[in-house]
Amino acid sequence: ASHASNLWVLLGLGIAGILLAAKKLKKTIREDFGAFIEKLLLLPPPPPAPPKAPHPLTGLSFAISDLFDVTGYVTGFGHPDWVGTHEPASSTSPVVSTLVEGGATCVGKTVVDELAFSISGETKHYESPTNPAAHDRIPGGASSGAAVAVATSAVDFALGIDTVGGVRVPAGYCGVLGFKSSHGAISNAGIIPVSSSLDSVGWFARDPNTLRRVGHVLLHLPFATPRNPRQIILADDYFQLQKIPVDRITQVVIKSAEKLFGRQLLKHQNLENYFESKVPSLKEFARTKAITSTKVPTSRLLANVMQLFQRHEFLQNHGDWIKTVKQAIDPVISSQLSETPELTNEEIENLNAIRNQARAAINSLLKDDGILVIPTVPTLPPKLGSKEILSEDYQNRASSLLSIASISGCCQVTVPLGHHEKCPVSVSFIARHGGDRFLLDTVQTMYASLQENSSVISDPKSSKKTISLGESAEMAKEKGNQAFKEKQWQKAIGLYSEAIKLSDSNGTYYNNRAAAYLEIGSFLQAEEDCTKAITLDKKNVKAYLRRGTAREMLGVYKEAMDDFRHALVLEPNNKRASQSAERLRKLFQNIGIKTCACSRISTKDRRDRQYLQMTTTGPARTSSLMDDLLGLLRIRIRRGVNLAVRDINSSDPYIVVKMGKQKLKTRVISKDVNPEWNEDLTLSVTDPSLTVLLTVYDHDMFSKDDKMGDAEFEIKPYIEALRMQLDGLLSGTIVTTVQPSRRNCLAEESKVTWIDGKLVQDLVLRLRHVECGEVEAQLQWIDLPGSKGL
């Protein structure tokens with residue numbers, strides 16, 4: 001009986017699984033991808049007889065979000081209870097009528113988010129539309145169904161309402177064009193209001209020509225010659241809000257703009273600083289909201305203003321109705337509305353002042369013929385059912401990006417730029433308030449070039465990307481060469497590293513960086529770069545010469561000699577190679593035994609060390625430094641804890657370590673205030689009384705890196721412990737401890753411990769001159785053959 005019951009259970013589970021799979025399959029293959037909530041047919045008037053021109057939209061079909069009134073139909077507003085408590089519309093929205101009279105055919109109403117309130121596109125009341133570009137991802141809201149209808153080619157264009165991104169976000173997530181008109185440019189009559197002072201009519205299309213045709217009809221624009229932009233401004237700091245690789249998007253825009261209009265049009269702008277100076281009412285807003293403990297970015301303040309407008313006006317419009325159906329409202333929406341405070345007249349006046357100043361600021365920045373370039377959304381479309389879109393980080397980033405056009409009332413267009421990780425990506429262009437025609441013309445002009453260059457994103461292996469990134473790499477290399485000439489070694493290293501990131505198959509970039517490393521005495525990195533350059537080009541004479549110099553400075557004379565001789569084989573008349581080889585030959589005669597000992601250092605051991613930090617070359621100098629050298633100190637930078645925020649919500653930290661004239665740094669870790677480096681930095685030690693200075697920086701792409709605190713520590717206690725006779729100790733024995741004091745930056749007791757035959761010291765350093773942050777590190781000693789030793 002037990003066996004039979006188990007079979008029935010298994011059979012039941014199997015049937016349930018089949019039904020569930022069938023349900024999912026059914027959703028996937030729905031013909032309209034769940035875009036439509038109701039089909040209808042509004043036919044245009046007959047076309048005029050020739051020779052008169054046909055209607056401007058003849059032959060086009062469109063759909064409308066379920067916010068627009070149509071005679072005889074109840075406007076659903078994304079909620080079944082709204083349908084049940086409202087009568088059919090007595091007239092059709094003028095916007096819809098204008099399009100029909102312009103020759104287009106309306107075929108149905110599409111799904112909107114619940115009460116058109118969010119930007120996710122998921123709704124519990126209706127089956128959420130399927131994102132055609134990424135089936136397991138959200139389509140974006142509020143006008144999700146309209147974007148899906150266009151993306152699936154069910155219609156040629158579709159109407160939506162954009163309050164806080166209702167058109168821009170789904171356009172970006174579904175990979176179509178989405179246009180938000182200037183606030184007030186198109187009548188909102190016959191449309192259910194969300195937030196009257198933010199609501200703007202918007203529309204979706206798959207191509208710029210259709211987008212432009214619809215815009216000319218809705219905006220009642222007469223014929224005029226298109227104008228090209230006079231400046232294209234990239235908001236550098238706002239691109240830092242994006243978690244998609246920044247260069248892959250900005251490079252597409254830059255290349256297209258350079259090709260079409262010339263490089264002189266391109267500008268860069270820090271909007272954070274710009275808004276801070278041009279929108280002084282934000283300071284008053286921050287004061288009234290008691291935001292004084294830390295400096296809140298202006299982008300976040302603008303986002304807060306947008307959310308206050310949306311929720312306050314939404315309650316004014318629909319608060320009474322919500323009270324009657326409170327239990328049926330999505331808990332997230334209900335929670336946001338219940339937390340919205342009553343605004344006083346003074347607060348509303350201040351919000352309106354911010355709106356007016358923001359519009360004036362954007363208009364002043366862009367004037368008549370300027371385009372502002374920002375990301376549309378902060379991430380790839382989140383997965384269905386995930387909580388990412390509800391997270392504070394996502395909401396802050398998204399609202400900051402969307403608030404510019406929403407608060408200022410300016411027009412904005414979302415332009416698709418291919419795919420990244422199999423998901424659509426996009427960029428947004430903003431023009432001044434009232435510059436709708438100019439923005440539509442600009443998209444029409446740039447679209448083909450943008451799509452041509454979007455292969456940088458969509459196909460990482462394409463030749464176009466190689467060309468594009470190769471050109472960018474060359475630009476970085478040239479800037480590095482200029483910095484090298486100006487003896488700005490660290491800057492040159494950074495620029496050569498950028499070139500290598502863009503194109504890692506060019507030996508010249510590694511070779512040039514090796515030259516800069518030699519100048520600052522980082523000989524291990526120099527040797528590694530030269531080896532890479534030689535791998536890429538076995539006839540690179542400069543790489544052999546520089547690697548020989550690096551190896552000579554380490555004291556690995558035999559391998560250095562081999563490099564100089566190889567350079568002479570390639571260029572028999574190379575004077576530098578000849579002199580270096582002769583110098584080492586004489587050195588072998590003088591210090592043969594020591595040289596042999598040094599030459600037996602394995603490649604693996606040498607690659608674990610930083611080369612000695614020296615400033616000149618030559619055997620005499622090498623010999624002198626080896627005589628003074630005690631050994632090498634390896635500092636393992638483990639991790640940072642609760643580091644300071646220097647960007648919008650996070651930081652891009654890296655660490656610089658200095659001792660005497662030596663200076664080394666870790667790699668940059670993006671968007672993490674609790675980064676884990678686990679990276680070794682190795683210093684040469686000649687004087688144990690020197691202190692080590694550790695400084696944390698936030699990497700900024702287009703401005704000076706921000707300091708995030710520093711800490712100083714002595715190595716003398718560790719050196720003294722090394723000089724003890726410790727052989728035979730059990731692993732784990734604590735040899736000595738260093739207590740935190742006013743003289744050091746220790747956050748807790750530091751222990752010097754004997755572990756597996758090595759002495760290590762663990763440090764937890766509290767950062768100074770900053771609001772918060774600690775760094776965990778470990779010290780370890782490396783004896784170097786040929787050195788003075790301890």
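A contact here means heavy atoms within 4.5 Å. The model is predicted.

**Exercise 1. Classify glutamine 240 as buried or exposed, and list its contacts outside its own stretch of sequence.**

Solution.
Step 1: place the residue. Glutamine 240 lies in the loop that links α7 (236-239) to α8 (246-261).
Step 2: apply the cut-off. Buried means under 20% relative accessible area. Glutamine 240 has 18% relative accessibility, so it counts as buried.
Step 3: list the partners. With neighbours within four places in sequence set aside, glutamine 240 is in contact with Arg397, Asp652, Lys671 and Met701.

**Exercise 2. Describe the open sheet formed by six strands: what is the strand order, and which strands are at the edges?**

Solution.
Step 1: write the order. The strands follow one another as β15-β12-β21-β20-β19-β18, with antiparallel pairing.
Step 2: find the edges. β15 (676-685) and β18 (733-738) each pair on one side only, which makes them the edge strands.
Step 3: add the geometry. From one strand to the next, the twist averages 20°.
Step 4: examine one pairing. β18 and β19 (residues 750-755) run antiparallel and are joined by five bridges. Threonine 736 is opposite valine 752 of β19.

**Exercise 3. Compare the annotated repeat with the modelled secondary structure: how much helix and how much strand does the chain have over residues 541-574?**

Solution.
Step 1: take the range from the record. An unreviewed UniProt entry carries the annotation "repeat: TPR" for residues 541-574.
Step 2: read the model over that range. The chain there is 82% helix and 0% strand.
Step 3: check the ends. The end C-alpha atoms of residues 541-574 are 9 Å apart.

**Exercise 4. Summarise the protein chain as a whole: what are its secondary structure counts, burial and exposed area?**

Solution.
Step 1: count elements. The protein chain contains 27 helices and 21 strands.
Step 2: assess burial. It has 790 residues, of which 54% count as buried.
Step 3: assess the surface. About 34,800 Å² is exposed, and 51% of this comes from carbon and sulfur atoms.
Step 4: assess contact range. Among contacts with a separation of 6 or more, 71% are between residues 24 or more positions apart.

**Exercise 5. Judge the confidence of the model: what is the mean pLDDT, and where does pLDDT stay under 50?**

Solution.
Step 1: start with the chain. Its mean pLDDT is 86, and 88% of the residues reach 70 or more.
Step 2: locate weak stretches. Among them are residues 24-29, where pLDDT stays under 50, and residues 462-467, where pLDDT also stays under 50.
Step 3: count their contacts beyond four places in sequence. The model has six for residues 24-29 and nine for residues 462-467.

Technical notes: Residues numbered from 1 in each chain as written. Predicted model: local features only at pLDDT ≥ 70, side-chain atom pairs only at ≥ 80, totals over all residues. Heavy atoms only, no water. Helix = DSSP H or I, 4+ residues; strand = E, 2+ residues; numbered from the N terminus. Buried < 20%, exposed > 50% of the residue type's maximum accessible area, 1.4 Å probe, protein only. Areas by Shrake-Rupley, 256 points an atom, 1.4 Å probe, with all protein chains shown as cover. Pairing = 2+ DSSP bridges. Axes fitted to C-alpha atoms, helices over the stretch in contact; angles between N-to-C directions. UniProt positions renumbered as here; feature names shortened; annotations may be inferred. pLDDT = per-residue confidence, 0-100.
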